[in-house]
Amino acid sequence: SFFRGPVAHQTCFLGFISRFVALFSGSARMAATPQQCTVWINPACSKCQRAMAYLKDKAVQPTVVKYLESPPTEKELREVLTKLGVPARELLRTTEKEYAELGLADPARTEEELVQAMVAHPVLIQRPVIISGGKAVIGRSDDALKAIVP
C-alpha cells in the first residue's frame with residue numbers, strides 16, 4: 001500500500017526535509033560535479049593571476065598550461081580558435097616585438113600565416129585563454145570570465 005504506517009511516513013518526511021535543506025543551504029550545488037576547464041597562462045601576467053583568482057573563488061580547479069613553457073601545437077591552437085569563434089588575428093598580442101618584427105600588422109597576412117606565427121612564437125598568443133567543453137574565452141575581462149564560468 002501507499003502508506004505503510006508511521007515509520008514509512010516519517011522516513012519520507014525526513015527525506016523531503018534533507019533535500020529541502022540541501023537545496024537552500026547550497027550543499028546541493030557543492031555536491032555537483034565541478035566544472036572542468038583548462039587555462040593557458042603566463043604566471044607573470046596580472047590578467048592571468050586575476051583569472052586564476054576568479055576560478056578559485058568559483059571553486060574551479062583548472063588544468064593549468066604555462067603556454068610559454070609548453071606551447072600549443074598547431075592542432076590545439078586551431079581547436080581553440082574554433083572554440084573561441086574568432087579568426088587568428090583576434091588572438092594575437094599586438095604589443096609584442098615579434099608582432100612588429102614579423103610584419104603581422106599587414107592585413108594581407110593569411111590565417112595560416114598568423115597561426116604559424118603563434119605556433120612558432122607563443123608569446124604572440126593573447127592570455128589568459130580559458131577552455132571549457134566546446135567553448136573558450138580570452139579571459140581578460142570580468143564579462144569573459146563570467147561567460148565561461150558563471
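Which residues does Met52 touch, not counting residues up to four places away in sequence? Keep that question open while the whole chain is on screen, and bear in mind throughout that this is a predicted model.

**The whole chain**

Colour the chain by secondary structure, and 7 helices and 4 strands should appear, running from the N terminus in the order α-α-β-α-β-α-α-α-β-β-α. Of the 150 residues of the chain, 33% count as buried. Among the contacts in the chain with a separation of 6 or more, 64% are accounted for by residues 24 or more positions apart.

**The sheet**

Select the 4 strands next; they form an open sheet in the order 2-1-3-4, with mixed pairing. Its edges are strand 2, residues 63-66, and strand 4, residues 135-138, each of which pairs on one side only. Looking from strand to strand, you will find that neighbours in this sheet are turned by 15° against each other on average, direction ignored.

Now select strand 3, residues 129-132, which is joined to strand 4 by 4 bridges, the two strands running antiparallel. Within this pairing, Ile131 stands opposite Ala136, and Ile130 stands opposite Val137. Strand 3 and strand 4 form a hairpin with 2 residues between them, and in the turn Gly133 has a positive phi of about 60°. On the side of strand 1, 3 bridges join that strand to strand 3, again with the two running antiparallel; here Trp40 has Val129 as its bridge partner in strand 3. Show the side chains of strand 3 as well: Val129 and Ile131 point one way, Ile130 and Ser132 point the other way, and all are buried.

**Helix 3 and Met52**

Add helix 3, residues 46-57, which packs on the sheet and touches strand 1 (38-41), strand 2 and strand 3, its direction making about 160° with that of strand 1. Met52 lies in this helix, and the opening question can now be answered: Met52 touches Val39, Ile41, Pro62 and Val64, leaving aside residues up to four places away in sequence. Met52 is partly exposed, because its relative accessible area is 24%. A distance drawn between the C-alpha atoms of Met52 and Pro128 should read 9.1 Å, although these residues are 76 apart along the chain.

**Asn42 and the cysteines**

Move to Asn42, in the loop between strand 1 and helix 3. Asn42 counts as buried because its relative accessibility is 14%, and, with residues up to four places away in sequence not counted, Asn42 touches Cys48, Tyr67, Leu68 and Arg127.

From Asn42, step to its contact Cys48, which counts as buried at 1% relative accessibility. Is there a disulfide to look for, or none? With a disulfide taken as a pair of cysteine sulfur atoms within 2.5 Å, the count comes to 0. Cys48 is in no disulfide, and the nearest cysteine sulfur, that of Cys45, is 3.6 Å away. Cys37, a further cysteine to select, counts as buried at 5% relative accessibility.

**Helix 4 against the sheet and helix 6**

Select helix 4, residues 74-84, which lies across strand 1, strand 3 and strand 4 and runs at about 90° to strand 4. Then add helix 6, residues 111-120: the axes of helix 4 and helix 6 come within 10 Å and cross at roughly 120°. That angle makes helix 4 oblique to helix 6, and the crossing of the two is right-handed. To see the contact itself, show Glu74, Leu77, Arg78 and Leu81 of helix 4 together with Glu111, Glu112, Val115, Gln116, Met118 and Val119 of helix 6.

**Val123, the last stop**

Finish at Val123, in the loop between helix 6 and strand 3. Which residues is Val123 in contact with, leaving aside its neighbours within four places in sequence? Displaying the surroundings of Val123 shows Leu68, Arg93, Glu96 and Glu98 as these contacts, and Leu68 is also one of the residues that Asn42 touches. As a last distance, draw the line from Val123 to Pro71, which are 52 residues apart in sequence and 9.1 Å apart in space, C-alpha to C-alpha.

Terms used:
Residues numbered from 1 in each chain as written. Predicted model: local features only at pLDDT ≥ 70, side-chain atom pairs only at ≥ 80, totals over all residues. Heavy atoms only, no water. Pairing = 2+ DSSP bridges. Axes fitted to C-alpha atoms, helices over the stretch in contact; angles between N-to-C directions. Contact = heavy atoms within 4.5 Å. Buried < 20%, exposed > 50% of the residue type's maximum accessible area, 1.4 Å probe, protein only. Parallel < 35°, antiparallel > 145°, perpendicular 65-115°, else oblique. Left-handed = near helix turned anticlockwise from the far one by under 90°.
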